[in-house]
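Me: Please take me into the interior of this protein, one part at a time. I am a first-year student, so explain each term briefly when it comes up.

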Amino acid sequence: MTPARRMPATIGRNGVGYGSSSALSLNQADLLDSHQLQQAFQQQLFDQIPAGAVDSGDNMIHGRADTLVDELESKSCSENPDGTSGDDGQEEPNQPPNKKKRYHRHTQHQILELEAFFKECPHPDDKQRKDLSRELGLEPLQVKFWFQNKRTQMKNQHERQENAQLRAQNDKLRSQNMRYKEALSTASCPSCGGPASLGEMSFDEHHLRLENARLRDEIDRISGIAAKHVGKPMVSFPVLSSPLAAAAARSPLDVAGAYGVQPAGLGADHLFGVGAGAGDLLRSVSTGQLDADKPMIVELAVAAMDELLRMARLDAPLWGGSAAGAHLDDEEYGRMFPGGLGPRQYGLRPEASRDDAIVIMTRDSLIEILMDANRFAAVFSSIVSRASTHEVLSTGVAGSYNGALQVMSMEFQVPSPLVPTRESYFLRYCKYNPDGTWAVVDVSLDDLRPSPVLKCRRRPSGCLIQEMPNGYSKVTWVEHVEVDDRSVHNLYKPLVNSGLAFGAKRWVGTLGRQCERLASAMANNIPNGELGVITSIEGRKSMLKLAERMVASFCGGVTASAAHQWTTLSGSGAEDVRVMTRKSVDDPGRPPGIVLNAAISFWIPISPKRVFDFLRDETSRNTWDILSNGGDVQESAHIANGRDHGNCVSLLRVNSGNSNQQSNMLILQESCTDVSGSYVVYAPVDVVAMNVVLNGGDPDYVALLPSGFAILPDGPPGATAAAQGENAVGGGSLLTVAFQILVDSVPTAKLSLGSVATVNSLIACTVERIKDAVCGEANPQ
């Protein structure tokens, strides 16, 4: 038997010896058998293994621990004078005394099972680790350290990828910088061809110098971020997590043309609220096309959120009251936010407003609508004509939208072909605040998607949501944009300049009306006594869904969107009729063929409320509706959509003058109104199709061609009306009349001039009848 070797002292984390040869000598063999000694020593060895000191996830334990355990086995055998094992005391005559027991590494099956479980759950709890160890024949401690080191390995790989991307971008900027330097060094006089002196510098050369300075700052910023990544064991962004570093370095938001406002202490609370860190947000940001811009995007989101919260909570002198809601004081804003988006863009007009309201919807439901582009466009269909989510950078933490980050684009509209739409490409960021409120902020990302002509720049805008009792919420909305509105028709300029067209008052008013509409759809305590009320829950939901699609189709088909090609027919200037054709093919919600859209906007000296009450009243419909042929119109069924009696969905039946003829055509009509405007939208529907809908059937297959009216105020109360003439006084209405008519059931057919002339005559006759009827009521003889 070989003589017993001395066991080297094992040093713990704090430099204290866990054991020595004297502590484990043969003099204490009667206190610990070899099996107990092996377990105690192996536990000490595992405790000393650092989480980041491994190269792979599957061999991290046995690459280091096997050697130590083998040494333990050898020492245990050498210190046993009887030559017996520590388990049963029996000799093994076929095994040499100095033969060490070899421990095998994880099998391929164990590795595959661990890898598969890691993909589903990178952080298993104690119970899951015990189950895995029992299934794979491993110790729970081995499973624990395998997962711990696998996570470290994944972090290291992610760090290497980000470092490579930063280096590539740095090299690209350096090469661009060198090209600009060469261009400046070889600059020549455009007149004589000789070297250009300082006084002869052209505009292009001056622009190159400015661009060179900007690129130099960009290089310094990216180089600083890359330098902070090198050698770090974890993915982190000190620019965000370190307040001192953020204050010492120049903000990338200035360089990117974004927000130079740097909140004090960009730590955990600024990104996620209470109990979360900046690293969590950045690690949750998915890789994609905007991967290289993640640091700038996150900082932009934090700065925009800080500005929104301050603008939503502060009052005078930052905000002043007006008829269209609170309006921003530009001088006070410049003093309070000196960085902001930098100087105002030339040719863009600032437009800011704030308003609040209490709506009948829970806080969580509002957050879900705001963070879903499709649902957001459906709720705000009168304001949003198109909405899409380009990339989801973060879905939030802890199963909520706290920290959610999305890149979106939307097109905002006013229901008139005389007001161009506003397109915006922006970042949407959701955050839970320590005071229990939620905030959702939008901010433009124009520098990430260069545009030759910038017409709408979205400064920090959004809403602050506070939970109220009984399922209500208080919403404070802030709208702050810079726009080029020179293309707006003079008829609508007072409305647009007042902020009522795109401002916070319109957003809050629409949200309140839609919340009441959704509450009505879910109501189950409808009384049965009132005649014509639809009490079936399934029937109500189907009919409201059909009406919602009808209103969205009307609003989307009447605006001056970039996707629409309007043709102006001859008219009297401001009251020109604009037409547009569409081909409907394989669309179950539209009849197949060629659809002609015709719209006209004009001013009348009647208040919006009186115009709305006149147009929605079925008893006065035969005075302006040519298609009713002078017959009486009666309401067959209706659904109330809120506290205002004007908000309802109705099913109308037209009775012809001949009592022997029974009409198979019904009219579905929705009328809605709020502080920002009113709508009366209708479409003819088939009796059979409506019976299916009223019984809870699918309304998506009901073909609709909606027509109707959009009624807006001509400006803030007390303002001068935009119309011309002797009666041009405040309190008038801007009325848009729009028709959608199927002129040919063959989609490939050509549009005839006769069809256009017929539609033009129809809309002109309708306008004259409305003017005569409304103005006649206002000025009775």
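Reply:
**Helices with a buried side**

Let's begin with helix 19 (residues 608-616), where Val611, Phe612, Phe614 and Leu615 are the buried residues. Looking down the axis of helix 19, you find these buried residues within an arc of 165 degrees, so they line one face of the helix. Here "buried" means under 20% relative accessible area, while exposed is over 50% and partly exposed is in between, with a 1.4 Å probe and protein chains only. The arc is taken from the directions between the helix axis and the C-beta atoms. Helices (H or I, at least four residues) and strands (E, at least two) are DSSP runs, numbered from the N terminus.

Keep in mind that this is a predicted model: local features need pLDDT of at least 70 and side-chain atom pairs count only at pLDDT 80 or more, whereas totals for chains, interfaces and linings use all residues. Residues are numbered from 1 along each chain as its sequence is written, and side-chain values use heavy atoms, with hydrogens and water left out.

Now turn to helix 14 (residues 363-370), where Arg363, Leu366, Ile367, Ile369 and Leu370 are buried. These residues cover an arc of only 160 degrees around the axis, which puts them on the same side of helix 14.

Helix 20 (residues 687-694) contains Val693, which counts as buried at 0% relative accessibility. Follow the chain from Val693 to Lys541 and you cross 152 residues in sequence, yet their C-alpha atoms are 9.0 Å apart in space.

Next, the strands. Two strands pair if DSSP finds at least two bridges between them. Take strand 11 (residues 461-467): 5 of its 7 residues are buried, so this strand is largely enclosed by the rest of the structure. Strand 9 (residues 438-444) runs antiparallel to strand 11, and 5 bridges join the two. One bridge to look for sets Ala439 against Leu464 in strand 11. Strand 11 also pairs with strand 12, again in the antiparallel sense, over 6 bridges. Here Ile465 has Val475 of strand 12 as its bridge partner. Between strands 11 and 12 there are 5 residues, making a hairpin, and Asn470 in its turn has a positive phi of about 60 degrees.

Strand 21 (residues 733-744) is another good one to trace. It pairs with strand 15 (residues 593-604) in the antiparallel sense over 11 bridges, with Trp603 standing opposite Leu734. Strand 20 (residues 707-713) pairs antiparallel with strand 21 as well, over 6 bridges, and there Ala710 is partnered by Thr736.

In strand 16 (residues 632-640) you will find His638, which is buried, with a relative accessible area of 15%. Its C-alpha atom is 8.8 Å from that of Leu652, 14 residues away along the chain.

The cysteines are worth a stop too. Counting a disulfide as a pair of cysteine sulfur atoms within 2.5 Å, the total is 0. For Cys648, the closest cysteine sulfur is in Cys672, 9.6 Å away, which is too far for a bond. Cys648 is buried at 12% relative accessible area, and Cys456 is buried at 6%.

Finally, the empty spaces. A cavity is a set of points on a 1 Å grid over the protein atoms alone where a 1.4 Å probe fits but cannot get out, and lining residues have an atom within 4 Å of a point. There are 10 cavities of 30 Å³ or more, and the largest holds about 130 Å³. It is lined by 16 residues, with Ser381, Arg513, Gln514, Val551 and Glu670 closest to its centre. At least two lining residues come from each of helix 15 (373-379), helix 17 (504-522), helix 18 (537-556) and strand 18 (665-674).

The second largest cavity has a volume of about 100 Å³, the space filled by probe spheres set on grid points joined across faces, edges and corners. Cys456 returns here, in a lining that also includes Glu351, Arg458, Glu479 and Trp507. Strand 5 (349-359), strand 10 (456-458) and strand 12 (473-483) each give at least two residues to this lining, so to speak the walls of the space.

Technical notes. 1 Å grid on protein atoms, 1.4 Å probe; cavity = no way out; pocket = protein on both sides within 12 Å on 5 of 7 lines; lining within 4 Å.
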